[in-house]
Amino acid sequence: MPMLNPGDLRHRVTIQQGVEGDPTSSGQRDLTWQKFSEVWAEVKTLSGRELEKARTLSASVTHTIHIRYLPGVIETYRVLWGTRILAINAIVDPENRRFEQFLYCTEEIP
């Protein structure tokens, strides 16, 4: 995996966490999304060889997001990139150095 190049972090993304609301009359809880963090990132749409390599982590990966290490991010969160919603499928911290992270995501179609 490539090393973090700060010049590549040109996309502003918002990482969101799901929060369950109060139970409805049917007993179900609505899920709302709130901002966890806003960060600079390199967002790449995968194709060809990258896509095959990423699918070893998750079968439906369509994008990778490269960010500085951000503690607390988990796979149940999602990423807003402009008007696009990307569900996080896997998070990789290369060599466990806590310097950078790769978020492997699937674009959600509203």
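With which residue does Arg12 form a salt bridge? In this model, which is predicted, the partner of Arg12 is Glu38, and the closest N and O atoms of the two residues are 3.4 Å apart. Arg12 belongs to strand β1 (residues 11–23) and Glu38 to strand β2 (residues 29–45), so that the pair links distant parts of the chain, 26 residues apart. Arg12 is partly exposed, with a relative accessible area of 37%, and Glu38 also counts as partly exposed, at 38%.

Side chains of opposite charge can pair when their charged atoms come close. A search of the whole structure finds two salt bridges, and besides the pair just described there is one in which the side chains of Glu107 and Arg84 meet, at 2.9 Å from N to O. Because Glu107 lies in strand β6 and Arg84 in strand β5 (residues 84–92), this pair ties together parts that are 23 residues apart in sequence. Glu107 is partly exposed, with a relative accessible area of 24%, while Arg84, at 31%, counts as partly exposed too.

The strands named so far belong to a wider arrangement. Six strands form a closed barrel, which runs in the order β1-β2-β3-β6-β5-β4 with antiparallel pairing, and the twist from one strand to the next averages 45 degrees. If you follow the barrel to strand β4 (residues 78–81), you find that four bridges join this strand to β5 and that the two run antiparallel; Arg78, for example, has Ala87 in β5 as its bridge partner.

We can now turn to the nonpolar residues. In soluble globular proteins, nonpolar side chains tend to be buried together. Here the largest nonpolar core has 16 residues, of which Ile15, Ile65, Ile67, Val79 and Leu103 touch the most other members. Strands β1, β2, β3 (63–68), β4, β5 and β6 each supply at least two residues of this core, and β2 gives the most, with three residues. Leu103 can serve as a viewpoint: setting aside residues up to four places away in sequence, Leu103 touches ten residues listed here in full, namely Ile15, His63, Thr64, Ile65, Ile67, Val73, Val79, Ile88, Ala90 and Ile91. Apart from the largest core lies another, of six residues, among them Leu46, Val61, Ala90 and Val92.

One of the residues that Leu103 touches is His63, which has its place in strand β3. Is His63 buried or exposed? His63 counts as buried, because its relative accessibility is 1%, and buried means under 20%. Leaving aside neighbours within four places in sequence, His63 is in contact with residues including Val43, Trp81, Arg84, Tyr104 and Glu107, so two of its contacts, Arg84 and Glu107, are the partners whose salt bridge ties strands β5 and β6 together. The side chain of His63 also makes a polar contact with the side chain of Thr62, at 2.8 Å, and the C-alpha atoms of His63 and Leu86 are separated by 7.9 Å, although these residues are 23 residues apart along the chain.

A last stop is Thr106, which is found in strand β6 (residues 100–108). Thr106 is buried, with a relative accessible area of 17%, and its side chain makes a polar contact with the side chain of Asn89, at 2.7 Å. Beyond residues up to four places away in sequence, Thr106 touches Ser60, Val61, Thr62, Ile85, Leu86, Ala87 and Asn89.

Conventions: Residues are numbered from 1 along each chain as its sequence is written. This is a predicted model: local features need pLDDT of at least 70, side-chain atom pairs count only at pLDDT 80 or more; totals for chains, interfaces and linings use all residues. Side-chain values use heavy atoms; hydrogens and water are left out. Buried means under 20% relative accessible area, exposed over 50%, partly exposed in between (1.4 Å probe, protein chains only). A polar contact is a pair of N or O atoms within 3.5 Å; within protein, one must be able to donate a hydrogen and the other to accept it, and residues adjacent in sequence count only if both atoms are side-chain atoms. Contact means heavy atoms within 4.5 Å. A salt bridge is a side-chain nitrogen of Lys or Arg within 4 Å of a carboxyl oxygen of Asp or Glu. Two strands pair if DSSP finds at least two bridges between them. Axes are lines fitted to C-alpha atoms, for helices over the stretch in contact, and angles run from 0 to 180 degrees between N-to-C directions. A nonpolar core is a set of buried Ala, Val, Leu, Ile, Met, Phe, Trp, Tyr and Cys residues joined through side-chain atoms within 4.5 Å.
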